[in-house]
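This report is a short introduction for a reader who has not seen this structure before. Look through the sequence and the structure first, then read on.

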Amino acid sequence: LERERQARIEAETIAEQGLRSLYEKQQELELLESIAVAANQANSLHEVLELVMSRICQFSHWPIAHAYLRDSQLSTRLYPSQTWYRATKHNIQAFCEMTEKTYVQYGEDASGQAMATGETSWLELNSHCSLPRQQTALACGIKTVVALPILAGKQVIAVIEFFHHLQLRIDATLCHLLSQVGLQLGRIADRQLAEARLLHDAFHDPLTKLPNRAFFLDRLQRAISRRQRFGNYKFAVLFIDLDRFKIVNDSLGHTAGDSLIRHIGERLSSALQEKLST
């Protein structure tokens, strides 16, 4: 009878664990599906990041999240996006202010490591942390950081940080889930970047990279429509002729003509930028 009782208890325990595991897997699949659907409907990467942070934090019960973006000019660092998820009773204002003015270098802290490796990074903060942002995090009661890289192709374009007030050991299940989310977001971000490139190419000249005729006509129509709606709105159109350009093409060749057009475009862009900055 005792052996039968123990066997029954073990069978019930195994069944319960199986049901719990099945329920957790179902919850994870529902999370991934909801993220995919919502992310596909988002209009920008910022909207996608904000959505993912809130969904994951609510699912995993992590109270704080923040997104870093890849610096397009200096590809070895991340800059703060000022996109947050905060559901904590702790006062983390000092940490938020520090984060929003901190650029993370390649390989530095959890986010820099995620950018360097392209893999989820888990960091437990302690008194030996040397970076100012880590010290500020500790002072605000933050003890664990997880950084999730978002890859478009093989390039990390963003990193989402998750913070917890408890000292937590590495959770393999959570890391695996975050990796799945990162892959999913990477495909969505890759598609959005491709769409943005196609849209840019449709409205810009491939030689000079300046807005083309289609772009000009679109903006002209918008200006005319605005003029019709608001009588006090004024605009002007400036035409510039490049005299004797045919002579350059005929005497020096089309390569020289292309080079001249590119230089003219650079001079015009530079002049406009200087004028707008003043």
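## The sheet

An open sheet is formed by 6 strands in the order E3-E2-E1-E6-E5-E4, with antiparallel pairing. The edges are strand E3 (104–105) and strand E4 (121–124); each has a single partner strand, so one side of each is left without a neighbour in the sheet. The model described here is a predicted one.

At the E3 edge, strand E2 (residues 77–86) pairs with E3 in the antiparallel sense over 2 bridges. In this part of the sheet, Arg-77 stands opposite Gln-105 in E3.

## A buried network of salt bridges

Side chains of opposite charge can pair when their charged atoms come close. The model has 5 salt bridges by the rule used here. A network of salt bridges links Asp-109, Arg-133 and Glu-161.

In one pair of the network, the side chains of Arg-133 and Asp-109 form a salt bridge with an N to O distance of 3.2 Å. This pair links distant parts of the chain, 24 residues apart: Arg-133 is in helix H5 (residues 132–139) and Asp-109 is in helix H4 (residues 109–117). Glu-161 and Arg-133 also meet in a salt bridge through their side chains, at 2.5 Å from N to O. Because Glu-161 lies in strand E6 (residues 155–164) and Arg-133 in helix H5, the pair ties together parts that are 28 residues apart in sequence.

Are the members of this network buried or exposed? Arg-133 counts as buried because its relative accessibility is 7%. Asp-109 is buried too, at 8%. Glu-161 has a relative accessible area of 1%, so this residue is also buried. The cut-off behind these calls is under 20% relative accessible area for a buried residue.

## A salt bridge within helix H7

Another salt bridge joins Arg-222 and Asp-218, whose closest N and O atoms are 3.3 Å apart. The two residues are separated by about one helical turn because they are 4 residues apart in helix H7. Asp-218 has a relative accessibility of 29% and therefore counts as partly exposed.

## Two positive phi values

Most residues other than glycine have a negative phi, and most peptide bonds are trans. Which phi does Asp-109 have? Its phi is positive, about 45°, although Asp-109 is not a glycine. This residue, a member of the salt-bridge network, lies in helix H4.

Arg-244 also has a positive phi, near 60°, and is likewise a residue other than glycine. Where does Arg-244 lie? Its place is the loop between H7 and H8. Arg-244 is exposed because its relative accessible area is 63%, whereas Asp-109 is buried at 8%.

## A nonpolar patch on the surface

Which residues make the nonpolar surface patch? Phe-216, Leu-217, Ile-224, Phe-235, Val-237 and Phe-239 form the patch, which covers about 540 Å².

One of these residues, Phe-239, is located in the loop between helix H7 (213–229) and helix H8 (245–252). With a relative accessibility of 69%, Phe-239 counts as exposed, because the cut-off for exposed residues is over 50%. The loop between H7 and H8 also holds Arg-244.

Definitions and conventions: Residues are numbered from 1 along each chain as its sequence is written. This is a predicted model: local features need pLDDT of at least 70, side-chain atom pairs count only at pLDDT 80 or more; totals for chains, interfaces and linings use all residues. Side-chain values use heavy atoms; hydrogens and water are left out. Patches are made of residues with over 30% relative accessible area and no salt bridge: like charges are joined within 9 Å, nonpolar side chains (Val, Leu, Ile, Met, Phe, Trp, Tyr) within 5 Å. Accessible areas come from the Shrake-Rupley method with a 1.4 Å probe; for residues, only the protein chains shown count as cover. A salt bridge is a side-chain nitrogen of Lys or Arg within 4 Å of a carboxyl oxygen of Asp or Glu. Buried means under 20% relative accessible area, exposed over 50%, partly exposed in between (1.4 Å probe, protein chains only). Two strands pair if DSSP finds at least two bridges between them.
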